[in-house]
Amino acid sequence: QVQLVQSGGGLVQPGGSLRLSCAAAGSIGRIYTMEWYRQDPGNHREFVARIISTGNTLYEDSVKGRFTISSDNTKNTVYLQMNRLKPEDTSGYYCKMAGIELSGEVFGSWGQGTQVTVSS
């Protein structure tokens, strides 16, 4: 099994910054994709950003230029640096990783979620 543990988040004023972290632990063979999602008002998880093993990144349009996804593959950790935060960024944020366990089994795991609140 592969477990993801998130940290970071909290309350910040509009225009401020926060950094989220998500570390994977367990029987990890290789991680292919690391992603961040957030909960929409209908409780659906919407895509925010992705980084793949080659280092290529992809962002949802509303966060381009403000959020940066990065990873430390030696620590099996993905980060989301959020700058110039807006009230509409307020949400629960979830990390997700997909890859191969040491056994050869494919895994897809979610973090426990962390709340980001942007308010004055």
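This section describes the disulfide, the nonpolar core, the cavity and selected residues of the structure. The model is predicted.

The search for disulfides returned one. Cys-22 is joined to Cys-95, with an S to S distance of 2.0 Å. The link spans distant parts of the chain. Cys-22 belongs to strand β3 and Cys-95 to strand β9 (residues 91–101), and the two cysteines lie 73 residues apart. The S-S torsion is about 60 degrees, so the disulfide of Cys-22 and Cys-95 is right-handed. Both cysteines, Cys-22 and Cys-95, are buried.

The largest nonpolar core holds 28 residues. Within this core, the members that touch the most others are Trp-36, Val-78, Leu-80, Met-82 and Met-97. Many strands contribute at least two residues each. They are β1 (2–8), β3, β4 (28–39), β5 (45–52), β7 (67–72), β8 (77–82), β9 and β11 (114–118).

Strand β3 was examined at two further positions. Ser-21 lies in this strand. Its relative accessible area is 15%, under the 20% cut-off, so Ser-21 counts as buried. Beyond its sequence neighbours, Ser-21 touches Val-5, Gln-6 and Ser-7. The contacts of Ser-21 also include Trp-36, Val-78 and Tyr-79. Two of these partners, Trp-36 and Val-78, are named above among the core residues that touch the most other members. Ala-24 is also placed in strand β3. Ala-24 is buried, at 10% relative accessible area. The residues touched by Ala-24, outside four places in sequence, are Val-2, Gln-3, Leu-4, Ile-31, Lys-75, Asn-76 and Met-97. Between the C-alpha atoms of Ala-24 and Glu-101 the separation is 12 Å. Along the chain, Ala-24 and Glu-101 are 77 residues apart.

Strand β9 contains Ser-91. The relative accessible area of Ser-91 is 7%, and the residue is buried. Ser-91 touches Arg-38 and Gln-39. Thr-114, Gln-115 and Val-116 are likewise touched by Ser-91.

One cavity of 30 Å³ or more was found in the whole structure. The volume of the largest cavity is about 40 Å³. Its lining consists of Ile-31, Tyr-32, Thr-33, Met-34, Ile-51, Ile-52, Ser-53, Ser-71 and Asn-73. Strands β4 and β5 are the elements that give two or more residues to this lining. The largest share, four residues, comes from β4. By class, five lining residues are nonpolar and four are polar. No charged residue lines the largest cavity. Ile-31, one of the lining residues, is also touched by Ala-24.

Several loop residues were then considered. Gly-15 sits in the loop between β2 (10–12) and β3 (18–26). Leaving aside neighbours within four places in sequence, Gly-15 is in contact with Arg-84 and Leu-85. The C-alpha atoms of Gly-15 and Asn-83 are 7.0 Å apart. In sequence, 68 residues separate Gly-15 from Asn-83.

Lys-64 is located in the loop between β6 (57–59) and β7. With a relative accessible area of 49%, Lys-64 is partly exposed. The cut-off for exposed is over 50%, so Lys-64 at 49% does not count as exposed. Lys-64 and Val-48 lie 16 residues apart in sequence. Their C-alpha atoms are 9.3 Å apart in space.

Backbone torsions were also considered. Most residues other than glycine have a negative phi. Asn-43 has a positive phi of about 65 degrees, although it is not a glycine. The loop between β4 and β5 holds Asn-43. Asn-43 is exposed, with 58% relative accessible area. Asn-76 likewise has a positive phi, near 50 degrees. The loop that carries Asn-76 runs between β7 and β8. Asn-76 counts as partly exposed, at 23% relative accessibility. Asn-76 is also among the residues touched by Ala-24 of strand β3.

Key:
Residues numbered from 1 in each chain as written. Predicted model: local features only at pLDDT ≥ 70, side-chain atom pairs only at ≥ 80, totals over all residues. Heavy atoms only, no water. Contact = heavy atoms within 4.5 Å. Disulfide = S-S within 2.5 Å. Buried < 20%, exposed > 50% of the residue type's maximum accessible area, 1.4 Å probe, protein only. Core = buried A, V, L, I, M, F, W, Y, C linked by side-chain atoms within 4.5 Å. 1 Å grid on protein atoms, 1.4 Å probe; cavity = no way out; pocket = protein on both sides within 12 Å on 5 of 7 lines; lining within 4 Å. Points joined across faces, edges and corners; volume = space filled by probe spheres on them. Nonpolar A, V, L, I, M, F, W, Y, C, P; charged D, E, K, R; others polar.
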